[in-house]
Amino acid sequence: MAVIEDEKQKFLNDGFVVVPQLFSAEEVSLLSEVARIDKKLSESAYGREDGTGAVVTLAVRNELSDDYYSAIARSHRIVSRMTEFLGDEVYHYHHKLILKEPRVGGAWEWHQDYGYWYNNGCLLPDMGSCLIAIDDATVENGCLQVLRGSHHIGRIDHGPIGDQTGADLERVAVAKERFETVPVELSAGSAVFFHANLLHRSDRNTSEKPRWALICCFNTKSNDPYKVSRHPNYSPIEVLADHEVRSSGEAHRSRLQPSAS
């Protein structure tokens with residue numbers, strides 16, 4: 001609990017906290033394998049152009065199901081932390097896989113997640129995300145960048161930039177002068193939890209290595225949206241014990257592999 005409290009203070013002060021090796025090497029290797037052979041994932045993925053026309057590929061899931069991605073989103077190690085960080089019971093808002101391929105993966109423009117979610121009827125910014133690195137995330141392959149402490153600014157107006165929605169560039173320019181830009185480099189299996197009002201972005205992947213990630217997003221029960229939107233309203237999470245996560249992934253992999261003749 002002392003470790004969680006230290007993480008909570010970093011989350012509250014900085015708007016983000018890195019948790020090294022939140023998932024073991026075996027768990028994240030299994031996630032990489034499952035994601036890369038999952039035809040349903042590849043078929044549902046779509047692109048978003050950045051301001052230069054380069055494309056970021058992602059696949060979004062609004063509902064929890066009997067798969068490895070959902071098991072991770074329901075895992076005690078994530079849900080318990082997000083509950084502590086946000087100070088309320090949390091529920092699954094959605095999860096998504098970001099698939100940045102070598103040399104072609106586009107950038108994400110500066111934005112706040114609440115810049116999007118505000119329009120979904122979420123009255124308060126009491127929301128957050130956990131990004132789990134499936135591959136090592138480095139500056140070279142377009143890792144997440146954040147402005148430390150920028151969640152204290154409050155919500156910034158957002159508008160279209162390419163196919164994406166980005167924060168007001170005038171405000172971003174001032175924020176960059178006042179808040180430290182931090183590249184969030186992560187080894188595979190490590191994670192970063194971040195507040196919905198934290199300004200963040202990522203560069204294009206110009207390297208020879210992929211950068212795939214799973215992002216699990218949460219809202220608080222007391223912030224249940226006042227209108228129906230593309231992401232769900234409150235429903236309680238059936239939290240999965242940490243020791244059950246890997247077995248869920250193994251079952252998912254088994255379903256994806258062709259049956260022996």
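Is Phe85 buried or exposed? Phe85 is buried, with a relative accessible area of 3%. This value, like the others in this report, comes from a predicted model.

**Overall form**

The protein chain has 8 helices and 13 strands. Its radius of gyration is 17 Å, close to the 18 Å that the globule rule gives for 261 residues, so the chain is as compact as a globular protein of that length. The C-alpha trace spans about 60 × 40 × 35 Å along its principal axes. Of the 261 residues, 51% are buried.

**Aromatic pairs**

A search of the whole structure gives 6 aromatic pairs. One of them joins Phe11 and Phe85, with the ring centres 4.9 Å apart and 20 degrees between the planes, which makes the pair stacked. Phe11 belongs to helix 1 (residues 2-14) and Phe85 to helix 5 (residues 76-86), so this pair links distant parts of the chain, 74 residues apart. Phe11 counts as buried because its relative accessibility is 1%, under the 20% limit.

Tyr114 and Tyr118 form an edge-to-face pair, because their ring centres are 5.8 Å apart and their planes stand at 85 degrees, over the 60 degrees required. The two partners are covered to unlike extents: Tyr114 is buried at 3% relative accessible area, whereas Tyr118 is partly exposed at 36%. Ring pairs also link Tyr91, Tyr93, Trp117 and Tyr234 into a cluster.

**Charges over rings**

Tyr118 also has a charged neighbour. The charged end of Arg155 sits over the Tyr118 ring, 3.6 Å from its centre. Elsewhere, Arg36 lies over the face of Trp212, at 4.2 Å from the ring centre.

**Surface patch**

Leu123, Leu124 and Tyr226 make a nonpolar surface patch of about 360 Å². Leu123 is located in the loop between helix 6 (113-117) and strand 6 (127-133). With 63% relative accessibility, Leu123 is over the 50% cut-off and therefore counts as exposed.

**Accessibility of named residues**

The table lists residues discussed above.

| Residue | Relative accessible area | Class |
|---|---|---|
| Phe11 | 1% | buried |
| Phe85 | 3% | buried |
| Tyr114 | 3% | buried |
| Tyr118 | 36% | partly exposed |
| Leu123 | 63% | exposed |

In the stacked pair, then, Phe11 is buried and Phe85 is buried. In the edge-to-face pair, Tyr114 is buried and Tyr118 is partly exposed, with Arg155 placed over the ring of Tyr118.

How values were computed. Residues numbered from 1 in each chain as written. Predicted model: local features only at pLDDT ≥ 70, side-chain atom pairs only at ≥ 80, totals over all residues. Heavy atoms only, no water. Patch = residues over 30% accessible without salt bridge, like charges linked within 9 Å, V, L, I, M, F, W, Y side chains within 5 Å. Areas by Shrake-Rupley, 256 points an atom, 1.4 Å probe, with all protein chains shown as cover. Salt bridge = Lys/Arg side-chain N within 4 Å of Asp/Glu carboxyl O. Helix = DSSP H or I, 4+ residues; strand = E, 2+ residues; numbered from the N terminus. Buried < 20%, exposed > 50% of the residue type's maximum accessible area, 1.4 Å probe, protein only. Phe/Tyr/Trp six-rings, centres within 6.5 Å; stacked < 30°, edge-to-face > 60°. Lys NZ or Arg CZ within 6 Å of the ring centre and 35° of its normal. Rg over C-alpha atoms; globule rule 2.2 N^0.38 Å.
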